Amino acid sequence: MSEFLNNIKEHPKGHPLQVYMQENILIRDLISKLGESYGHLGEFSKLFEQLATVERHLERKENQLLPYLEQYGKIEESKAVWKSQHDIRNEITVLRAFIGTNYIPNIRRHSLNLFYELEKMMEME
């Protein structure tokens, strides 16, 4: 982890890579808090909506990173990122619907799916 934090400092403040890495730290923190809040649906829902703002992170990648991958012939990598982002958006939609049902087993299952997809995304970054 310290190597990861050192990499953040290598980029100037506001550099897209630095922003992605800082957001990944926040995403992991929210995932941890969500994992501890299944028994408190109100708190879980509030934290989930914060995590769902990952959409901005995904949009920035689509506009900043993916064009460069494609420009430099990294088509397979670009396809993997697009698929990952599609899977994340899908899990957010499904989980949001299940939160409305208050049925904890489905909420837990789909939140774990979302956490897995987010971790996969962060590993790719």
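Helices and strands are here runs assigned by DSSP, with at least four residues for a helix and at least two for a strand, numbered from the N terminus. The exercises below concern a predicted model.

**Exercise 1. Describe the overall fold of the protein chain: how many helices and strands does the secondary structure contain?**

Step 1. The secondary structure comes to seven helices and zero strands.
Step 2. Read along the sequence, the pattern is therefore written α-α-α-α-α-α-α under the DSSP rule for helices.
Step 3. For the extent of the chain, a box along the principal axes that holds the C-alpha atoms spans roughly 45 × 30 × 20 Å.
Step 4. Of the 125 residues in the chain, 35% are buried.
Step 5. Turning to contacts between residues at least 6 apart in sequence, 62% join residues at least 24 apart.

**Exercise 2. Analyse the largest nonpolar core: which residues have the most contacts inside it?**

Step 1. The core has 23 residues, and Phe48, Leu51 and Leu118 have the most contacts inside it.
Step 2. Two or more residues of this core come from each of α2, α3, α4, α6 and α7.
Step 3. The most is given by α7, with six residues.
Step 4. Take leucine 51 as an example. Apart from neighbours within four places in sequence, leucine 51 is in contact with Ile27, Leu30, Ile31, Leu34, Leu114, Phe115 and Leu118.
Step 5. As general background, nonpolar side chains in soluble globular proteins tend to be buried together.

**Exercise 3. Characterise the pairing of tyrosine 38 and phenylalanine 44: what are the distance between centres and the angle between the planes?**

Step 1. The count of aromatic pairs comes to one.
Step 2. Tyrosine 38 and phenylalanine 44 form this pair, with 5.4 Å centre to centre and 25° between the planes.
Step 3. Planes under 30 degrees apart count as stacked, so the pair formed by tyrosine 38 and phenylalanine 44 is stacked.
Step 4. Both tyrosine 38 and phenylalanine 44 are buried.

**Exercise 4. Examine the loop between α6 and α7: is tyrosine 103 buried, partly exposed or exposed?**

Step 1. Tyrosine 103 lies in the loop between α6 and α7.
Step 2. Its relative accessibility is 46%. Partly exposed covers the range between under 20% and over 50%, so tyrosine 103 counts as partly exposed.
Step 3. Tyrosine 103 is 62 residues from leucine 41 in sequence, and the two C-alpha atoms are 9.6 Å apart in space.
Step 4. Asparagine 102 also lies in the loop between α6 and α7. The phi of asparagine 102 is near 65°, a positive value in a residue other than glycine.
Step 5. For reference, most residues other than glycine have a negative phi.

**Exercise 5. Describe the two largest pockets: which element supplies the largest share of the lining of the largest pocket?**

Step 1. The largest pocket holds about 290 Å³ of space.
Step 2. Its lining has 16 residues, with Met121, Met122, Glu123, Met124 and Glu125 nearest the centre.
Step 3. At least two lining residues come from each of α2 (16-35), α6 (75-99) and α7 (104-124). The largest share, five residues, belongs to α2.
Step 4. By class, this lining has ten nonpolar, one polar and five charged residues.
Step 5. The second largest pocket has a volume of about 180 Å³. Its lining includes Glu23, Leu26, Gln50, Val54 and Arg60.
Step 6. Two or more residues of that second lining come from each of α2, α3 (41-51) and α4 (54-64). The classes there are five nonpolar, three polar and three charged.

Conventions:
Residues are numbered from 1 along each chain as its sequence is written. This is a predicted model: local features need pLDDT of at least 70, side-chain atom pairs count only at pLDDT 80 or more; totals for chains, interfaces and linings use all residues. Side-chain values use heavy atoms; hydrogens and water are left out. On a 1 Å grid over the protein atoms alone, a cavity is a set of points where a 1.4 Å probe fits but cannot get out, and a pocket is an open set with protein on both sides within 12 Å along at least five of seven lines; lining residues have an atom within 4 Å of a point. Grid points are joined across faces, edges and corners, and a volume is the space filled by probe spheres set on the points. Ala, Val, Leu, Ile, Met, Phe, Trp, Tyr, Cys and Pro count as nonpolar, Asp, Glu, Lys and Arg as charged, and the others, Gly among them, as polar. Buried means under 20% relative accessible area, exposed over 50%, partly exposed in between (1.4 Å probe, protein chains only). A nonpolar core is a set of buried Ala, Val, Leu, Ile, Met, Phe, Trp, Tyr and Cys residues joined through side-chain atoms within 4.5 Å. Contact means heavy atoms within 4.5 Å. Rings of Phe, Tyr and Trp (its six-membered ring) pair if their centres lie within 6.5 Å; planes under 30 degrees apart count as stacked, over 60 as edge-to-face and the rest as tilted.
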